[in-house]
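Colleague: Please take me through one part of this model closely. I would like the small open sheet, then what lies beyond that sheet.

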Amino acid sequence: MKNILYIYPAAAILLAFAASSCGNNGTPKGSSQTQMTPAAPVAQSVQVQAAAREKVPYSMVYSSTVQANIVNNIAPQTSARIKKVNVEIGDFVNAGQILAEMDRSNLLQAELKLKNAKDELERVRTLLGEGGISQSDFDQIEMNYRVSKSAYDNLLDNTVLRSPVTGVVTARNYDKGDMYSMSAPLFTIQQIVPVKLLVSISESDYTRVKKGDKVQITADALPGKTFEGSIVRIHPTMDPATHTFNVEVRVRNEKKELRPGMFVRATIDLGSANSIVLPDMAVVKMQGAGTRSVYVMQPDSTVVARVVTLGRHFDSKYEILEGLSEGEIVVTKGASTLKTGEKVTVK
């Protein structure tokens, strides 16, 4: 019993010490009784501007390749031995200039036959006037002469080969003494004064393009130089795969600086339009979709995402074709981190 009576006073002391360390409600002294409340969201600071219309230039740049205005492949109609070659690759030739001469054996035979036919025609012409030959016989002899003349002219064209255009020799496939085998032309002549381009333009611009429109051309191979051409032909059909159509641009090229095969850029002025325009930083690509949106401010200072259809991009601006009305207030800076319904402050 003495041991038990000794334990009770010790327990009383411990309880008294615990009570002195706590407040009336059992909360440890020194601890805060204030409950933390979440802070109110801070409105994002943005820059805005009213959607307004301005003149949008419809000047487009297209890639193309220079082509010769005319390409002629020069060859005789039949196989023959090449007797003479007068030009080489790179030579400039004039229309009518002799390029090569073939074996003349057949031509000489045709020339003799033509001479006999001509002499016979002159003889019977005199007889016809004197009544010494019938009209039908004269007509037959005259026809023989015309056939001989046609055969001779054809052989002459295919024996003495001339250039049909003024241009440059871009291919020579045979040498003197070769037998022309009809597998490839003797020469290729390309007319490069003028030259032409075929430019593919979007079908949406079909009504904007007209014959006679001026075109500015630049070439990487000729830095610092600009050439002027004009549209001479508009192709009437569209490519169903690319939804484009071709226009033919002709460039005078008097100095022969543009050469077939050169890569060039053609700038075509398609006029202008009065459209709503916004800075390109105002346009946001929606995640997981291919659409473009802008954030429009509401009267309560919240923003709403609005899907828009874009037109031309020029001078760090976008033309807005659909989805936005003139005068609406659009976020131009800070739009990339916004969400629909979020409050903003304008700085």
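Modeller: Here is the sheet, followed by the cores and one exposed residue.

This is a predicted model, so local features need pLDDT of at least 70 and side-chain atom pairs count only at pLDDT 80 or more, while totals for chains, interfaces and linings use all residues. Residues are numbered from 1 along each chain as its sequence is written, and side-chain values use heavy atoms, with hydrogens and water left out.

Start with the sheet. Three strands form an open sheet in the order 4-6-7, with antiparallel pairing. Strands, like helices, are DSSP runs numbered from the N terminus (E, at least two residues, for strands; H or I, at least four, for helices). Two strands pair if DSSP finds at least two bridges between them. Strand 4 (82–85) and strand 7 (160–162) are the edges; each has a single partner strand, so one side of each lacks a neighbour in the sheet. On average, neighbouring strands of this sheet are turned by 20° against each other, direction ignored. Axes here are lines fitted to C-alpha atoms, for helices over the stretch in contact, and angles run from 0 to 180 degrees between N-to-C directions.

Now the pairing itself. Strand 4 is joined to strand 6 (residues 98–102) by 3 bridges, and the two run antiparallel. Ile-82 stands opposite Met-102 in strand 6. Helix 3 (residues 135–159) packs on the sheet and touches strand 6 and strand 7; its direction makes about 70° with that of strand 7. Contact means heavy atoms within 4.5 Å.

Next, the cores. A nonpolar core is a set of buried Ala, Val, Leu, Ile, Met, Phe, Trp, Tyr and Cys residues joined through side-chain atoms within 4.5 Å. Buried means under 20% relative accessible area, exposed over 50%, and partly exposed in between (1.4 Å probe, protein chains only). The largest core has 30 residues; Val-199, Ile-217, Val-249 and Leu-258 touch the most other members. Its largest share, 6 residues, comes from strand 13. A second, separate core of 16 residues includes Val-93, Val-165, Tyr-180 and Ile-189.

Last, Asn-73. This residue lies in strand 3 (residues 67–74). Asn-73 is exposed, with a relative accessible area of 53%. Its side chain makes a polar contact with the side chain of Thr-188 (3.0 Å). A polar contact is a pair of N or O atoms within 3.5 Å; within protein, one must be able to donate a hydrogen and the other to accept it, and residues adjacent in sequence count only if both atoms are side-chain atoms.
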